[in-house]
Amino acid sequence: MDLLNTLLEIQDLDLRKSEIDKQSTSIPAQKKDIISSLKKDKQIYEAFNEQQKEAEKACKELTYETDKLRQQKAKIMIQSGDTKDNSTYTKLVKEADSYDSRIDDMESTFLEHLDKVADIKSKKKVIAEQLKTMIGKIEQDIKDLDRRHKNLVESLPDTIAKRKELAQTVDEETLIDYERIFKSKGSFRAVIVPITHDTSCGFCHIKLSKKDTSSAAKGLGKCLECGAFLYK
Ligand SMILES: [Zn+2]
């Protein structure tokens, strides 16, 4: 294989390695993002749990208070039945009756809270379903990411070995020059590029001189502006 094609192949492997490294390092962050998307729904669910607890506590307290009022009323009714005095009797019955509206109010508040509990429960059910679906999807996404990561990592030694083998056939000076340029341009872009159809550098797009193009035509040229390797 001639120098140009060997270098192009080395570049391909270098680009692949950069991509593997980039994707490998981004995978933990991707996982974190996926998991944090659950957080919001979980928080909503927790908030409903709290609301339900409060409404249930209110129901319990109202039941207790209503029972207390009923007992007090019953006591007064017994007292009124025992009394021989007519005016005391009337007074006691009136007092007992006054409990009714308070008991009614408490019962309607109790029903309101009971409705609230039912409403919260149905909202929780919807969110629980959403969470279940999301968790299923997340588990699958994480599995896919792990598989991708594994494949990437597994392909790395092969890429490195092939690259090493090819690098041995290139003269040291050219190789060091290529590696320096590749790294200086961020390691994600090809720095061995064809001359464009309008005789510009394929990397920085500067118009090339005749001298530059003729050296590229012979095999491997260089852009004096950006350092890219040029070929025709
Ligand atoms: Zn250039």
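**Two annotated helical spans and a zinc site**

In this predicted model, residues 128-155 are 100% helix and 0% strand. The end C-alpha atoms of that span lie 40 Å apart. Residues 38-72 are likewise 100% helix and 0% strand, with end C-alpha atoms 51 Å apart. Both spans carry the UniProt annotation "coiled-coil region", which comes from an unreviewed entry.

Now turn to the metal. Four cysteines coordinate the zinc ion: Cys201, Cys204, Cys223 and Cys226, each through SG. The distances run from 2.2 to 2.3 Å. The 4 donor atoms subtend angles of 108 to 111° around the zinc ion, so the arrangement is tetrahedral. For that label, all angles must lie between 85 and 135 degrees. Along the sequence, the donor residues follow the spacing C-x2-C-x18-C-x2-C.

What does the pair Cys201 and Cys226 tie together? Cys201 sits in the loop between strand S1 (192-194) and helix H4 (210-218). Cys226 sits in the loop between strand S2 (221-222) and strand S3 (229-231). The pair therefore joins parts that are 25 residues apart in sequence. Cys201 and Cys226 are both buried.

The strands around these loops form a sheet. It is open, has 3 strands in the order S1-S3-S2, and its pairing is mixed. S1 and S2 are the edge strands, each pairing on one side only. S2 pairs with S3 in the antiparallel sense, over 2 bridges. Lys222 stands opposite Phe229 in S3.

Cys201 also belongs to the largest nonpolar core, which has 26 residues. Cys201 is among the residues with the most contacts inside this core, together with Ile10, Tyr178, Val191, Ile192, Phe203 and Leu230. Which elements give two or more residues to the core? They are helix H1 (3-82), helix H2 (86-167), helix H3 (172-184), S1 and S3. H1 gives the most, with 5 residues.

Phe203 shows how the parts meet. Not counting residues up to four places away in sequence, Phe203 touches Lys185, Arg189, Ala190, Val191, Val193, Cys226 and Ala228. One of these contacts, Cys226, is a zinc donor; another, Val191, is among the residues with the most contacts inside the core.

Another core lies apart from the largest one. This second core has 13 residues, among them Ile20, Ile34, Ile138 and Leu145. Ile20 and Ile34 fall within the range of H1 (3-82), and Ile138 and Leu145 within that of H2 (86-167).

How values were computed:
Residues numbered from 1 in each chain as written. Predicted model: local features only at pLDDT ≥ 70, side-chain atom pairs only at ≥ 80, totals over all residues. Heavy atoms only, no water. UniProt positions renumbered as here; feature names shortened; annotations may be inferred. Helix = DSSP H or I, 4+ residues; strand = E, 2+ residues; numbered from the N terminus. Donors = N, O, S within 2.8 Å, 3.2 Å for Na, K, Ca; no water. Tetrahedral: all angles 85-135°; square planar, octahedral: opposite > 155°, others 65-115°. Buried < 20%, exposed > 50% of the residue type's maximum accessible area, 1.4 Å probe, protein only. Core = buried A, V, L, I, M, F, W, Y, C linked by side-chain atoms within 4.5 Å. Contact = heavy atoms within 4.5 Å. Pairing = 2+ DSSP bridges.
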